[in-house]
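Reader: I'm new to this one and would like a close look at a single part. Could you pick the sheet and walk me through how its strands are put together, and then what else is around?

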Amino acid sequence: MARQETTRQFRDPSQDQLRDPSQDQWRDRRQAGQELSKTLLALGEGWLRTDTMVVALPRGGVPVGLEVAQALQVPLTTWSVRKLARDQAPEVAVGAIAAGGIELWDSRREDIPIQEQHQILEKEVQELKRRQQYFADGPIGQLNGKHLIVVDDGIATGMTVAAALHSLRAARPNQLILAIPVVDQKLIGPLQGLCDQLIALKVVSNLQAVGEYFENFDQLEDADVINLLEEAKLSIHSRA
């Protein structure tokens with residue numbers, strides 16, 4: 001069955017005003033998630049319903065996603081993605097992978113020897129599989145026909161989020177919504193083409209690092225993610 005086309009929208013509560021990170025920072029990822037939740041609730045869209053799920057990209061997207069899931073009173077799950085980068089420049093993404101064999105590369109791939117590309121890919125595929133099992137992603141059948149709100153802590157390059165959206169589309173969701181605290185302005189168009197709706201709190205030009213918009217942007221460990229997922233489960237059970 002062909003996917004029903006849905007009008008793609010972009011919601012920007014800042015009314016397209018570009019901001020300096022020194023002017024307003026979130027205390028941490030959870031506070032950003034609380035603000036994002038208020039925006040989602042204020043929109044009052046049809047996807048705020050029982051068949052909605054929040055899908056957080058670990059690790060940084062999970063504390064944001066937890067706040068959104070609790071506020072909307074819907075389940076929270078994870079969907080692991082992995083950045084592809086060279087050992088000599090680990091912070092520079094040259095690609096990304098996600099479940100279902102999704103493999104994205106940018107133009108910098110042309111400068112990387114084929115053997116090195118294979119080594120990068122092999123290492124990250126193994127790590128992706130480990131995280132999928134450890135965090136118990138999805139599973140994909142659980143996402144079929146749902147309204148999915150995909151959450152991360154911010155988007156500077158867009159590689160991992162793009163891989164996640166391509167991958168999640170294979171789950172045949174009813175609707176695929178991307179909701180993030182902060183995103184680089186130049187990524188709005190490309191990302192709108194991968195989801196049904198894009199919701200961002202802040203749209204900035206030349207976003208160098210997502211962490212600039214958080215007072216506390218500590219690295220999360222696997223155990224932190226598991227604790228947050230357990231908190232989400234307890235929250236759902238307490239409302240049952």
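**A close look at the sheet**

Author: Let's start with one pair: strand 4 and strand 5 (residues 95-98) are joined by 4 bridges and pair in the antiparallel sense. Keep in mind that this is a predicted model. You can pick out individual partners along that pair. Valine 81 is bridged to alanine 98 in strand 5, and arginine 82 has isoleucine 97 in strand 5 as its bridge partner.

Now turn to the other side of strand 5. Strand 5 and strand 6 also run antiparallel, again with 4 bridges between them. Isoleucine 97 turns up here too, since its bridge partner in strand 6 is glutamate 103. So isoleucine 97 has a partner in each direction: arginine 82 and glutamate 103. Strand 5 and strand 6 make a hairpin, with 3 residues between the two strands. In that turn sits glycine 100, which has a positive phi of about 85°.

Put the pieces together and you get an open sheet of 3 strands, in the order 4-5-6, with antiparallel pairing. Strand 4 (81-84) and strand 6 (102-105) are the edge strands, each pairing on one side only. On average, neighbouring strands of this sheet are turned by 15° against each other, if you ignore direction.

What about the two faces? In a regular strand, side chains alternate between the two faces of the sheet. For strand 5, both faces are covered. Gly95 and Ile97 are on one side, Ala96 and Ala98 are on the other, and all of them are buried. Helix 3 (residues 114-135) lies across strand 4, strand 5 and strand 6, and runs at about 160° to strand 4.

Away from the sheet, there are helices to look at as well. Helix 5 (residues 159-169) has 9 of its 11 residues buried, so it is largely enclosed by the rest of the structure. Among those buried residues are Met159, Val161, Leu165 and Leu168, but also Ser167 and Arg169.

Then there's a helix pair. The axes of helix 1 (residues 29-43) and helix 2 (residues 61-72) come within 7 Å and cross at roughly 40°. The two helices are therefore oblique to each other, and their crossing is right-handed. On the helix 1 side, the residues in contact include Gly33, Leu36 and Leu40, and helix 2 brings residues including Val64, Val68 and Ala71. Sorted by type, the residues of this contact are 9 nonpolar, 4 polar and 3 charged.

Key
Residues numbered from 1 in each chain as written. Predicted model: local features only at pLDDT ≥ 70, side-chain atom pairs only at ≥ 80, totals over all residues. Heavy atoms only, no water. Axes fitted to C-alpha atoms, helices over the stretch in contact; angles between N-to-C directions. Parallel < 35°, antiparallel > 145°, perpendicular 65-115°, else oblique. Left-handed = near helix turned anticlockwise from the far one by under 90°. Contact = heavy atoms within 4.5 Å. Nonpolar A, V, L, I, M, F, W, Y, C, P; charged D, E, K, R; others polar. Buried < 20%, exposed > 50% of the residue type's maximum accessible area, 1.4 Å probe, protein only. Pairing = 2+ DSSP bridges.
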